[in-house]
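Trainee: Could we go through this structure together? I would like to start with the vocabulary and then look at some individual residues.

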Amino acid sequence: MTGSKIILESLIREGVDTIFGYPGGAVLNIYDELFNYKDKIKHVLVRHEQGAAHAADGYARASGKVGVVLVTSGPGATNTITGIATAYMDSVPIVILTGQVPTNLIGNDAFQEADTVGITRPCTKHNYLVKDIKDLARTIKEAFYIASTGRPGPVLIDIPKDITSSVYEFDYPEGVELRGYNPTYFGHHVQLSKVVKELLNAKRPLLYVGGGVISSNASAELKELAELLDLPVTSTLMGLGGFPSEHSLFFGMLGMHGTYAANMAISNADFIIAIGARFDDRVTGKVEEFGRNAKFAHIDIDPSSIGKNVKIEIPVVGDVKSVLNSLLEMLSAKSKEISSTQYDRLKWLEEINIWKYEHPLSYKMNDIIKPQYVIEKIYELTGGSAIISTEVGQNQMWAAQFYKFNSPRTFLTSGGLGTMGYGFPAAIGAQIACPDKVVFDIAGDGSIQMNIQELATAVQYNLPVKIAIVNNNFLGMIRQWQELFYKKRYSFSEMNVNPDFVKLAEAYGAVGLRATKPNEVEDVLKKALSIKKPVIMDFVVAPEESVYPMVAPGAPITGMLLV
C-alpha cells in the first residue's frame, strides 16, 4: 500500500468517520487517496485550519470520540496551533495529521516548510515526525492510544510528502506498548480509606468537580456519591454538565464569576474533595485564602496536577470513574456511620441554601435586551436539551451562569486557554457529531468575527447551527475590567464598526435575524429553531451590562462584587 492508503486504512481501524481539514501541496497524495474513501470517511472542508482544529475539538467533546484534523505543511500546520493549545489546556483528545516537505528537503527552508514538531512540542501531549514508512501504521496506532488514554490530549503526526507516496506492507498493530507511559487508573486503597474516613468525620464537606468528571464519563457515579451522603456540589467552568445544574445539591460554578453560595461554601467547608479539577487561578482567586478552613483530597489521573497550586492532604491518583466506584463500594459498608452524621450534613446544606437564597444569580430587566435574558430564553425554548458552545468573555460567563446544564458533553467552551473564536467552529464539530441535537453558539460581536468565515462551512454541509450574538458593540469583558479597574478608560475596547450580521448571514447563504427589544427575543429564537439551516441571531443588548458576581484578580473569592 502507499503511505496515503496506510493512513486512511489506519484511521478506519481506529473508528474514524470524520476528518476536519484543508488540502495543500504536502498532503495532496492523502487527499487524492481520500477521494476513494469518501463513502467511509466524511471530510469536512473548513475555511481556515484553526477552524478545523476547533471543529475536531468540538466533535470530540460532544461525542467522547477522538477528533481528527488533516492539514498541509507550513502555514497549514501553524494555523492549527491555537486550536491545538486550546485542546491541550482542556484535555481534549484530538489527532492532528500535518503534511511536511519531503524528507530530503527537511531543514533546507523548502517551500511551506516549518518545524511543526518543534513548534507543537509545548502544546501537545505527544508528537511524531514519521521519517520511515515502516513506522507509519504503528505511529498512528500509538497516537490514538496516547490521545485517548490517561489525561486526554492532542497528539500530532507530521508526515513528509514522500512517505505518503512510498509503498509498504500494511500491518496494523493490535496493541500498544510504550515504555514510560502507564497511566494509573485505580486509586490506592490506603488513600481511598483516608478519603472515606474524612468524609464521615467532616461536618461541612464539599465536592469541587472539574472537567475530569466529564472526560472519564463519571457523572452517574458522582451523582450517586453526592446523594448517598447529601454532599453539596460546586463545579468549575469545565465541569458544568458533570452534575445536574437543577439538582438540589448543586450550588453552581465557583471562582471569579461563581455564585455567592458556591464561593462561600468552599470558603467555609472543612473537607473538600477536588475531583478532576486543577485549581485554576480563576477558581482559587488568592490561593492562600482558598478553602482556608478545609483539608483537601484531590482525585486526578494526572499526578502532576496534584499539589501544583494548593496543598493536598490526601492525593488520589486514578481515573475519576474508577476512583468514585471504589469509594462507593467502600461506603456501602458504612450505612450506620453515614446515618449518624446526617444531622450535621443537613445543617450544612441549610446554611449554603441560605447563601443561595440571599444572593441568587440575578439581573435587572428594563426596556433594553439583557444578555442574561437571551440565554434564559434559549434554555427555556430548548428545554435544556441543546448543546451549547461559547466564545470567550462575557458571553461565556453568562452562558455558564444562566443556562442550566443537566447532562455531560452539552457545554463546550475554551476554559483553559480562553480562545476567542472557539465557539462557532466547535459548534460545527458538535453538530456533525450529534446531528439530531440543537446546537447553539453563544457569542459576542467581537469573538464571532474571529472565525466567522466558517459560516461557509456550515452552509456547505447544511448544518443547522444557531449563532446567538449578544451584540453590545464592545469587547465586553475588556470593557468591564476597564470600567472596574481602569476608571472607565475604554482604551480600544469599543467596536465602532461591526458588520450588519443579518446581511452577513445572507451573504453566506445562511439566515439572519435581529431583535432590538426584549419582547422580540422569544419570537426570534422560535423562528431560528424552526429553520433547518444555519442561523445568525443578532441580539442588540445593553452595551454596559456586566457579569456579576465578580472577584477582582488576585483577591479572595469571598470578596465578590454583587449586582
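Mentor: Certainly. Helices (H or I, at least four residues) and strands (E, at least two) are DSSP runs, numbered from the N terminus. Please also keep in mind that this is a predicted model.

Trainee: Understood. Where is N462, then?

Mentor: N462 is found in the loop that joins α20 (455-460) to β16 (466-471). Its phi is positive, about 50 degrees, although N462 is not a glycine.

Trainee: Is N462 buried, partly exposed or exposed?

Mentor: N462 counts as partly exposed, because its relative accessibility is 48% and that category lies between the cut-offs of 20% and 50%.

Trainee: And what is the phi of N217?

Mentor: The phi of N217 is near 55 degrees, a positive value in a residue other than glycine. N217 sits in the loop between α10 (212-215) and α11 (219-229), and it is partly exposed, with a relative accessible area of 48%.

Trainee: Which peptide bond is cis?

Mentor: The bond from Y548 to P549 is cis, and its omega is near 0 degrees. P549 belongs to the loop between β18 (535-540) and β19 (550-551).

Trainee: Let us change topic. How many salt bridges are there?

Mentor: The structure holds 21 salt bridges. Side chains of opposite charge can pair when their charged atoms come close. One of the salt bridges joins E9 to R13, with the closest N and O atoms 2.9 Å apart.

Trainee: Where do E9 and R13 lie?

Mentor: Both are in helix α1, four residues apart, which is about one turn of the helix. E9 is buried, with a relative accessible area of 12%, whereas R13 is partly exposed at 46%.

Trainee: What about S10, in the same helix α1 (residues 3-13)?

Mentor: S10 has 0% relative accessibility, so it counts as buried. From S10 to K334, the C-alpha to C-alpha separation is 49 Å in space, and the two are 324 residues apart in sequence.

Trainee: Back to salt bridges: which residue pairs with D302?

Mentor: D302 pairs with R151, and their closest N and O atoms are 2.7 Å apart. This pair links distant parts of the chain, 151 residues apart: D302 is in the loop between β11 (295-300) and β12 (314-317), and R151 is in the loop between α7 (136-148) and β6 (155-160). D302 is buried at 15% relative accessible area, while R151 is partly exposed at 27%.

Trainee: Which residues are linked in a network of salt bridges?

Mentor: K377, E380, E522 and K526 are linked in such a network. Within helix α17 (residues 371-382), E380 and K377 are three residues apart, and their closest N and O atoms are 3.3 Å apart. K377 counts as buried, at 11% relative accessibility.

Trainee: Now for pockets. What is the volume of the second largest pocket?

Mentor: Its volume is about 440 Å³. The lining has 23 residues, and the closest to the centre are G252, T259, K356, L361 and Q401. The lining divides into twelve nonpolar, seven polar and four charged residues.

Trainee: Which element supplies the largest share of that lining?

Mentor: β9 does, with four residues.

Trainee: Finally, which residues make the nonpolar surface patch of about 240 Å²?

Mentor: Y88, M89 and L417 make that patch. L417 lies in the loop between β14 (411-412) and α19 (423-433) and is partly exposed, at 37% relative accessible area.

Terms used: Residues numbered from 1 in each chain as written. Predicted model: local features only at pLDDT ≥ 70, side-chain atom pairs only at ≥ 80, totals over all residues. Heavy atoms only, no water. Patch = residues over 30% accessible without salt bridge, like charges linked within 9 Å, V, L, I, M, F, W, Y side chains within 5 Å. Areas by Shrake-Rupley, 256 points an atom, 1.4 Å probe, with all protein chains shown as cover. Salt bridge = Lys/Arg side-chain N within 4 Å of Asp/Glu carboxyl O. Buried < 20%, exposed > 50% of the residue type's maximum accessible area, 1.4 Å probe, protein only. 1 Å grid on protein atoms, 1.4 Å probe; cavity = no way out; pocket = protein on both sides within 12 Å on 5 of 7 lines; lining within 4 Å. Points joined across faces, edges and corners; volume = space filled by probe spheres on them. Nonpolar A, V, L, I, M, F, W, Y, C, P; charged D, E, K, R; others polar.
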